[in-house]
Amino acid sequence: MGFAHNNVLHQNHFRKDWQTRVRTWFDQPGRKLRRRTARKAKAAKLGVRPLTLLRPAVRAQTVRYNRKVREGRGFTLAELKEAGIGKKEARGVGIVVDHRRRNLSEEGKAVNVERLKAYKARLIVFPRNAKKPKTGDSTGEDLTAATVRTTLPLPPAVIPEAPRKITGEEREFEAYRTLRNERATARNEGKRKLREAKKAEEEANKKK
């Protein structure tokens, strides 16, 4: 290897005995089988309970991803209240509660309230003692009905609309101008209020 100019001399280490440090995955098929067996054992242990807990449908974060709908951490207290489910009762029937989350839109709240109501309609609560069922426990034919262990699927992210013609009102609407006007109104709100207050004060002084 030739060298030219006043450069740093290379200290390449090519004899590192790398064969002893190679990571292998020869246990992958065995792990796969072990995981599958564990899932079966867990499902059998859960009995007739749903395999996963019910979580809310929320929008993903940032403008880039908010078109996607995913499962959130837990339902808000407002959503539970509107659906007629107590927060302690919810935890007992497989509904996750998140006391920190807040509803930022009526549409998002309505989606999750409907989700809770649909879950509650399908829910079968087996009593601990069949002879003495408690309030909220299922009775009669519900106990012999077929059970489904999968949770409710997430709602569609976008409800597609049928194609239609553009109306005259939509054609005349100036979106950019409207946005600029609204922005200017919001920006000058404080100045406008001060001006109105000053004008009212001057008129009051004139009357005196």
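**Surface patch, salt bridges and pockets**

Val48, Phe126 and Leu143 together make a nonpolar surface patch of about 230 Å². The model that carries this patch is a predicted one. Of the patch residues, Leu143 sits in the loop between α5 and α6, the latter spanning residues 168-172. Its relative accessibility is 31%, so Leu143 counts as partly exposed. That value also matters for membership of the patch, because a patch residue must have over 30% relative accessible area and no salt bridge.

The charged side chains come next. The count of salt bridges in the model is six. One of them pairs Glu79 with Arg101, and the closest N and O atoms of this pair are 3.1 Å apart. The two residues are 22 residues apart and link distant parts of the chain: Glu79 belongs to helix α3 (residues 77-83), while Arg101 lies in the loop between α4 (87-92) and α5 (106-122). Are the two partners buried or exposed? Glu79 is buried, since its relative accessible area is 0%. Arg101 has a relative accessibility of 19% and also counts as buried, because the class takes in values under 20%.

Helix α3 takes part in another of these contacts. Glu82 forms a salt bridge with Lys109, with an N to O distance of 3.2 Å. Here too the pair links distant parts of the chain, as Lys109 is in helix α5 and Glu82 in helix α3, 27 residues apart. The two ends of this bridge fall into separate accessibility classes: Lys109, at 17% relative accessibility, counts as buried, whereas Glu82, with a relative accessible area of 45%, is partly exposed.

A further salt bridge joins the side chains of Glu170 and Arg164, at 3.0 Å from N to O. In this pair Glu170 counts as partly exposed at 38% relative accessibility, and Arg164 counts as exposed at 54%. Elsewhere, Glu189, Arg192 and Glu196 are joined into one network by salt bridges that share partners.

The remaining topic is the open space in the model. Rolling a probe the size of a water molecule over the atoms shows where empty space is left. The largest pocket holds about 1100 Å³ of space. Its lining consists of 36 residues, and those closest to the centre are Gly92, Val93, Leu123, Ile124 and Val125. Helices α4 and α5 each supply at least two residues of this lining. Sorted by class, the lining of the largest pocket has 17 nonpolar, ten polar and nine charged residues.

The second largest pocket has a volume of about 660 Å³. Which residues lie nearest its centre? Of the 24 residues in its lining, these are Ala57, Val58, Arg59, Ser105 and Gly108. Two or more lining residues come from each of β1 (57-59), β2 (69-71) and α5. Among the elements, α5 gives the most to the lining of the second largest pocket, with five residues. By class, this lining has eleven nonpolar, six polar and seven charged residues.

Helix α5 thus recurs in several parts of this description. The helix holds Lys109, the partner of Glu82. It supplies at least two residues to the lining of the largest pocket, and it gives five residues to the lining of the second largest pocket.

Definitions and conventions
Residues are numbered from 1 along each chain as its sequence is written. This is a predicted model: local features need pLDDT of at least 70, side-chain atom pairs count only at pLDDT 80 or more; totals for chains, interfaces and linings use all residues. Side-chain values use heavy atoms; hydrogens and water are left out. A salt bridge is a side-chain nitrogen of Lys or Arg within 4 Å of a carboxyl oxygen of Asp or Glu. Helices (H or I, at least four residues) and strands (E, at least two) are DSSP runs, numbered from the N terminus. Buried means under 20% relative accessible area, exposed over 50%, partly exposed in between (1.4 Å probe, protein chains only). On a 1 Å grid over the protein atoms alone, a cavity is a set of points where a 1.4 Å probe fits but cannot get out, and a pocket is an open set with protein on both sides within 12 Å along at least five of seven lines; lining residues have an atom within 4 Å of a point. Grid points are joined across faces, edges and corners, and a volume is the space filled by probe spheres set on the points. Ala, Val, Leu, Ile, Met, Phe, Trp, Tyr, Cys and Pro count as nonpolar, Asp, Glu, Lys and Arg as charged, and the others, Gly among them, as polar. Patches are made of residues with over 30% relative accessible area and no salt bridge: like charges are joined within 9 Å, nonpolar side chains (Val, Leu, Ile, Met, Phe, Trp, Tyr) within 5 Å. Accessible areas come from the Shrake-Rupley method with a 1.4 Å probe; for residues, only the protein chains shown count as cover.
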